[in-house]
Amino acid sequence: SARAFRVGERVRLQGGPLAGQIEGTVSSLGLLYTTFATGDDSMMVPNSVVLNVAILPLREPDAVNLRARLRAGMSPGDLQEVLEKSLQTPLRNSPRITLEELDGDEVVVRIAATPRVAAQGRQLASELLSIVSRETRSHAETP
């Protein structure tokens, strides 16, 4: 009844019984333990400890999502490389590119990028749109 978080939320626990801090995603809430996913590992923390530490919710900024049709000859990997080199806005992680459909010789992808700071979402959206527009134009269209 005293839970300050739900399964799936990212939190940081900090305080005395931990001798430091734990950061992770809440993966299960049990009667005796709360389990946190930390990368590929998981950590079980006794609920008595969870109740005696400070809990800081870690809110992720919204991702910028864009759907794009790649020009013939460009692969999703090529676009990933260009984005990693060209984006100036600090990101939480590398941009994610997922394949959505094949249309003849063209590939349609979805690009998702999350700014490190939520207030930079608008800047990231403009920057992403500019780079993707430039890179996905056909060579035939450029003079």
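## Two strands side by side

Let's start in the middle of a sheet: L66 has I111, in β8, as its bridge partner. The model you are looking at is predicted, so treat each value here as computed from that prediction. The pairing of β6 with strand β8 (residues 106-113) is antiparallel and runs over seven bridges.

I111 has another partner too, since I97 stands opposite I111 in β8. Here the strands concerned are β7 and β8, which also pair in the antiparallel sense, over seven bridges. To get from one to the other, the chain makes a hairpin with two residues between β7 and β8. Look for G104 in that turn: it has a positive phi of about 65 degrees.

## The whole sheet and its helices

Put those pairings together and you have an open sheet of three strands, in the order β6-β8-β7, with antiparallel pairing. Which strands sit at the edges? They are β6 (64-70) and β7 (96-103), each of which pairs on one side only. From one strand to the next, the twist averages 20 degrees.

Two helices pack on this sheet. Helix α2 (residues 76-86) touches β6, β7 and β8, and its direction makes about 35 degrees with that of β8. Helix α3 (residues 121-136) touches β6 and β8, and its direction makes about 5 degrees with that of β6. As for cover, β8 is mostly hidden, with six of its eight residues buried.

## A residue in the loop

Follow the chain on from β8 and you come to T114, in the loop between β8 and α3. Is T114 buried or exposed? T114 has a relative accessible area of 12%, and because buried means under 20%, T114 counts as buried.

What does T114 touch, leaving aside its neighbours within four places in sequence? Its contacts are E60, P61, D62, A63, P90, L91, R92 and L124.

## Salt bridges

Now for some charged side chains: the structure holds seven salt bridges. One of them joins R10 and E23, at 2.7 Å from N to O. This pair links distant parts of the chain, with R10 in strand β1 (residues 10-15) and E23 in strand β2 (residues 20-29), 13 residues apart. R10 is partly exposed, at a relative accessible area of 24%, and E23 is partly exposed as well, at 34%. E23 also meets R12 in a salt bridge, at 2.8 Å from N to O. Because E23 lies in strand β2 and R12 in strand β1, this pair ties together parts that are 11 residues apart in sequence. R12 counts as partly exposed, at 21% relative accessibility.

Back in the three-stranded sheet, E101 and R67 form a salt bridge of 2.7 Å, N to O. E101 is in strand β7 and R67 in strand β6, 34 residues apart, so the chain is linked here between distant parts. Both residues count as partly exposed, with relative accessibility of 32% for E101 and 42% for R67. They also belong to a network of salt bridges that links R67, E100, E101 and R110.

## A nonpolar patch

Finally, turn to the surface. L31, L32, Y33 and M44 make a nonpolar patch there of about 500 Å². One of these residues, Y33, lies in strand β3 (residues 33-38). Y33 has a relative accessible area of 38%, which makes it partly exposed.

Technical notes: Residues are numbered from 1 along each chain as its sequence is written. This is a predicted model: local features need pLDDT of at least 70, side-chain atom pairs count only at pLDDT 80 or more; totals for chains, interfaces and linings use all residues. Side-chain values use heavy atoms; hydrogens and water are left out. Patches are made of residues with over 30% relative accessible area and no salt bridge: like charges are joined within 9 Å, nonpolar side chains (Val, Leu, Ile, Met, Phe, Trp, Tyr) within 5 Å. Accessible areas come from the Shrake-Rupley method with a 1.4 Å probe; for residues, only the protein chains shown count as cover. A salt bridge is a side-chain nitrogen of Lys or Arg within 4 Å of a carboxyl oxygen of Asp or Glu. Helices (H or I, at least four residues) and strands (E, at least two) are DSSP runs, numbered from the N terminus. Buried means under 20% relative accessible area, exposed over 50%, partly exposed in between (1.4 Å probe, protein chains only). Two strands pair if DSSP finds at least two bridges between them. Axes are lines fitted to C-alpha atoms, for helices over the stretch in contact, and angles run from 0 to 180 degrees between N-to-C directions. Contact means heavy atoms within 4.5 Å.
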